[in-house]
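Colleague: Hi! Could you walk me through this one?
Modeller: Sure, let me put it up and you can ask away.

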Amino acid sequence: MLTATPIPMLADNYAWLLRDPETGTIAIVDPAETAPAHAILAQLGNRLDYILLTHHHNDHVGGADALAKHYNAVILGAAADAHRLPPLDCAVKDGDTIRLGAHTGTVIATPGHTIGHVSYFFPETPILCCGDTLFSLGCGRLFEGTPAMMFESLGKLASLPAETLLCCGHEYTEHNLAFALSLDPDNPRLLARRETVRQLRAAGQPTLPAKLGDEKQENPFLTAPDAASFAERRAARDRF
Ligand SMILES: [Zn+2]
């Protein structure tokens with residue numbers, strides 16, 4: 001079974017290590033820098049086969065080129081953003097199938113945070129690497145897309161299986177939770193979540209991956225009934 005492990009990078013970024021234990025195949029999603037990747041790969045036989053990029057922001061691609069050269073790894077990223085991503089070996093688009101050892105994944109176009117943003121879904125575990133589109137209890141800022149575009153992207157992700165593990169690009173859960181509680185202060189699920197998140201953060205542990213099934217009930221951007229209410233919530237979150 002494919003496994004996903006967060007690798008903390010920079011202040012609050014996560015790159016994700018995907019590993020197929022049967023073949024030893026290893027991918028890293030969105031490496032912002034090189035040192036934390038080298039450290040974890042040193043424990044895994046100094047092997048890196050693939051680098052998957054969700055979008056062009058430097059805190060997601062900063063280490064990609066150097067890691068690809070060092071390990072002779074293949075870089076995958078959105079064809080639409082090839083001009084502003086590190087040099088791609090494999091340019092992908094919505095619906096493409098990608099292979100990671102014995103596992104296959106699907107590319108899902110998720111524009112909104114940026115126009116060319118893509119997510120990677122591996123159905124067997126299942127694992128979703130969603131970059132800065134969907135966070136635990138939050139979603140990415142709309143730097144390039146419209147609220148309607150982001151609402152549609154989130155809708156695509158919400159249609160994946162409830163047990164899907166969300167491998168998001170940032171540790172933003174505490175602040176997102178405070179915002180969610182500001183909208184719905186007595187929500188028992190959010191209050192319970194607050195305890196879990198507090199304990200994890202106090203122990204220095206990531207709050208991710210989150211489960212899509214929980215997010216569909218608790219994340220204010222997934223429970224928004226339409227694009228207009230989504231846009232209102234996103235604007236309020238920008239000011240929060
Ligand atoms: Zn970003």
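Colleague: Leaving aside neighbours within four places in sequence, which residues is Tyr 14 in contact with?
Modeller: Keep in mind that this is a predicted model. Tyr 14 is in contact with Pro 6, Ile 7, Pro 8 and Met 9, and also with Cys 168, Gly 169, His 170, Glu 171, Pro 206 and Leu 208.

Colleague: Is Tyr 14 buried or exposed, then?
Modeller: Tyr 14 counts as buried, because it has 24 C-beta neighbours inside 10 Å; the cut-off for buried is 20 or more.

Colleague: And where does Tyr 14 sit?
Modeller: In strand β2. Its C-alpha atom is 8.4 Å from that of Cys 167, although the two are 153 residues apart along the chain.

Colleague: What does β2 do with β1?
Modeller: Strand β1, residues 3-9, and strand β2, residues 13-20, run antiparallel and are joined by seven bridges. Thr 5 stands opposite Leu 17 of β2. The two strands form a hairpin with three residues between them, and Leu 10 in that turn has a positive phi of about 50 degrees.

Colleague: Nice. What sheet does that hairpin belong to, and in what order do the strands come?
Modeller: An open sheet of six strands, in the order β1-β2-β3-β4-β5-β6, with mixed pairing. β1 and β6 (90-92) are at the edges with a single partner strand each, so one side of each has no neighbour in the sheet. On average, neighbouring strands here are turned by 25 degrees against each other, direction ignored.

Colleague: How does β6 pair with β5?
Modeller: In the parallel sense, over three bridges, with β5 covering residues 74-78. Leu 76 has Cys 90 of β6 as its bridge partner.

Colleague: Which helices lie across these strands?
Modeller: Helix α1 (residues 35-42) lies across β1, β2 and β3 (25-29), at about 140 degrees to β1. Helix α3 (residues 64-71) lies across β3, β4 (50-52) and β5, and runs at about 165 degrees to β4.

Colleague: Let me stay on α1 for a second. Which of its residues are buried?
Modeller: Pro 36, Ala 37 and Leu 41. These residues cover an arc of only 130 degrees around the axis, which puts them on the same side of α1. The buried residues of α1 pack against β1, β2, β3 and α3. On the face turned away from the buried side you find the exposed residues Ala 35, Ala 39 and Ala 42.

Colleague: Changing topic: what is the strand order in the sheet that starts with β7?
Modeller: That open sheet has six strands in the order β7-β8-β9-β10-β13-β14, and its pairing is mixed. β7 (97-100) and β14 (210-211) are the edge strands, each pairing on one side only.

Colleague: How do β7 and β8 pair?
Modeller: In the antiparallel sense, over four bridges, with β8 spanning residues 103-109. Thr 97 stands opposite Thr 106 in β8. β7 and β8 form a hairpin with two residues between them, where Gly 101 in the turn has a positive phi of about 60 degrees.

Colleague: And how does β8 continue to β9?
Modeller: Four bridges join β8 to β9 (residues 118-122), and the two run antiparallel. Ile 108 has Ser 119 of β9 as its bridge partner.

Colleague: What about β10 and β13, parallel or antiparallel?
Modeller: Parallel: β10 (residues 127-131) and β13 (residues 165-168) are joined by four bridges. Gly 131 is paired with Cys 168 in β13. Cys 168 also appeared earlier, among the contacts of Tyr 14.

Colleague: Now helix α5. Which of its residues are buried?
Modeller: In α5 (residues 173-183), the buried residues are Thr 173, Asn 176, Leu 177 and Ala 180. Seen down the axis, they fall within an arc of 100 degrees, so they line one face of the helix. They pack against β11 (134-135), β12 (138-139), α6 (188-202) and α7 (212-218).

Colleague: Last one: at what angle do α4 and α8 pack?
Modeller: At about 105 degrees, with the axes of α4 (residues 147-158) and α8 (residues 227-239) 9 Å apart. That makes α4 roughly perpendicular to α8.

Colleague: Which residues make that contact?
Modeller: Pro 147, Ala 148 and Phe 151 from α4, and Ala 227, Phe 230, Ala 231 and Arg 234 from α8. Six of the contact residues are nonpolar, none is polar and one is charged.

Conventions:
Residues are numbered from 1 along each chain as its sequence is written. This is a predicted model: local features need pLDDT of at least 70, side-chain atom pairs count only at pLDDT 80 or more; totals for chains, interfaces and linings use all residues. Axes are lines fitted to C-alpha atoms, for helices over the stretch in contact, and angles run from 0 to 180 degrees between N-to-C directions. Angles under 35 degrees count as roughly parallel, over 145 as roughly antiparallel, 65 to 115 as roughly perpendicular and the rest as oblique. Two residues are in contact if their C-beta atoms, placed from the backbone, lie within 7 Å. Ala, Val, Leu, Ile, Met, Phe, Trp, Tyr, Cys and Pro count as nonpolar, Asp, Glu, Lys and Arg as charged, and the others, Gly among them, as polar. A residue is buried if 20 or more other C-beta atoms lie within 10 Å of its own, exposed if 12 or fewer, and partly exposed in between; C-beta atoms are placed from the backbone. The arc is that of the directions from the helix axis to the C-beta atoms. Two strands pair if DSSP finds at least two bridges between them.
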